[in-house]
Amino acid sequence: QVQLLESGGGLVQAGGSLRLSCAASGRTFNTQDMGWFRQAPGKEREFVCATNWRGDSATYSDSVKGRFTISRDHAKNSVYLQMNSLKPEDTAVYYCAVSKLHSSGYSAPPYTRADEYGYWGQGALVTVSS
């Protein structure tokens, strides 16, 4: 059974940092994109960032560009999200996800739509206080 388990969420003051981890089990995802999405209270789930199978191409939403960094470790079947300069509007439940299909090319940019992802974690709550 495939499982994605997030960890590292919590409460942080504005301007602070957090690092989310997501470990996959049940199968390996070395040829698929991995990404992070988030859902704030009363809002729809939105794309945050993603990286391709090689980890050499990443896409970020405009709201987190320059502050968040995604990385992955094939050996650990994991993906990470380093979040710096956090703002109250970053408060949300963060979900890691793995794409349904293999990455679209050798160094192609990753998928960014939620419907392109077929495996999801249970979510990690990040709360940023002002």
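Okay, let's start with one small detail: the side chain of N77 reaches the backbone nitrogen of F29, at 3.2 Å. That's a polar contact, meaning a pair of N or O atoms within 3.5 Å, where within protein one must be able to donate a hydrogen and the other to accept it, and residues adjacent in sequence count only if both atoms are side-chain atoms.

Quick housekeeping before we go on. This is a predicted model, so local features need pLDDT of at least 70 and side-chain atom pairs count only at pLDDT 80 or more, while totals for chains, interfaces and linings use all residues. Residues are numbered from 1 along each chain as its sequence is written, and side-chain values use heavy atoms, with hydrogens and water left out.

Back to N77. You'll find N77 in the loop between β7 and β8. When I say strand, I mean a DSSP run of E, at least two residues, numbered from the N terminus; helices would be runs of H or I, at least four residues. So is N77 buried or exposed? N77 is buried, with a relative accessible area of 10%; buried means under 20%, exposed over 50%, and partly exposed in between, using a 1.4 Å probe and protein chains only. Leaving aside neighbours within four places in sequence, N77 is in contact (heavy atoms within 4.5 Å) with C22, A23, A24, S25, R27, T28, F29 and N30. One more thing about N77: its phi is near 55 degrees, a positive value in a residue other than glycine. Most residues other than glycine have a negative phi.

Right beside N77 in the numbering comes S78, found in strand β8. S78 counts as buried at 6% relative accessibility. The side chain of S78 reaches the backbone oxygen of K76 at 2.8 Å. Skipping neighbours within four places in sequence, S78 contacts C22, A23, M34, S71, R72 and D73.

Stay on β8 a moment, since L81 lies in that strand too. L81 counts as buried, at 0% relative accessibility. Not counting residues up to four places away in sequence, L81 touches L18, R19, L20, W36, V48, C49, F68, T69 and Y94. L81 and G35 are 46 residues apart in sequence, and 9.1 Å apart in space, C-alpha to C-alpha.

That takes us to the core. A nonpolar core here is a set of buried Ala, Val, Leu, Ile, Met, Phe, Trp, Tyr and Cys residues joined through side-chain atoms within 4.5 Å. Which members of the largest one touch the most other members? Of its 27 residues, they're L20, W36, V48, F68, L81, M83 and Y94. The elements giving two or more residues to this core are β3 (18-25), β4 (32-39), β5 (46-51), β7 (68-73), β8 (78-83), β9 (92-102) and β11 (124-129). Apart from that core lies another, of six residues, among them F37, F47, A50 and Y111.

Two members of the big core deserve a look. W36 lies in strand β4, and W36 counts as buried at 0% relative accessibility. The C-alpha atoms of W36 and K87 are separated by 17 Å, with their positions 51 residues apart along the chain. Then there's V48: leaving aside neighbours within four places in sequence, V48 is in contact with W36, F37, R38, T59, Y60, S61, V64, F68, L81 and Y94.

Now for two loop residues. S85 is found in the loop between β8 and β9, and S85 counts as partly exposed at 41% relative accessibility. S85 isn't a glycine, yet S85 has a positive phi of about 50 degrees. T112 is in the loop between β9 and β10 (117-120), and T112 is partly exposed, with a relative accessible area of 32%. Not counting residues up to four places away in sequence, T112 touches F37, F47, T59 and Y117.

Last stop, the largest pocket. Which residues lie nearest its centre? Of the 15 that line the largest pocket, they're R38, A40, K43, E46 and E89. The lining divides into four nonpolar, three polar and eight charged residues. Here Asp, Glu, Lys and Arg count as charged, Ala, Val, Leu, Ile, Met, Phe, Trp, Tyr, Cys and Pro as nonpolar, and the others, Gly among them, as polar. As for what a pocket is: on a 1 Å grid over the protein atoms alone, it's an open set of points where a 1.4 Å probe fits, with protein on both sides within 12 Å along at least five of seven lines, and lining residues have an atom within 4 Å of a point.
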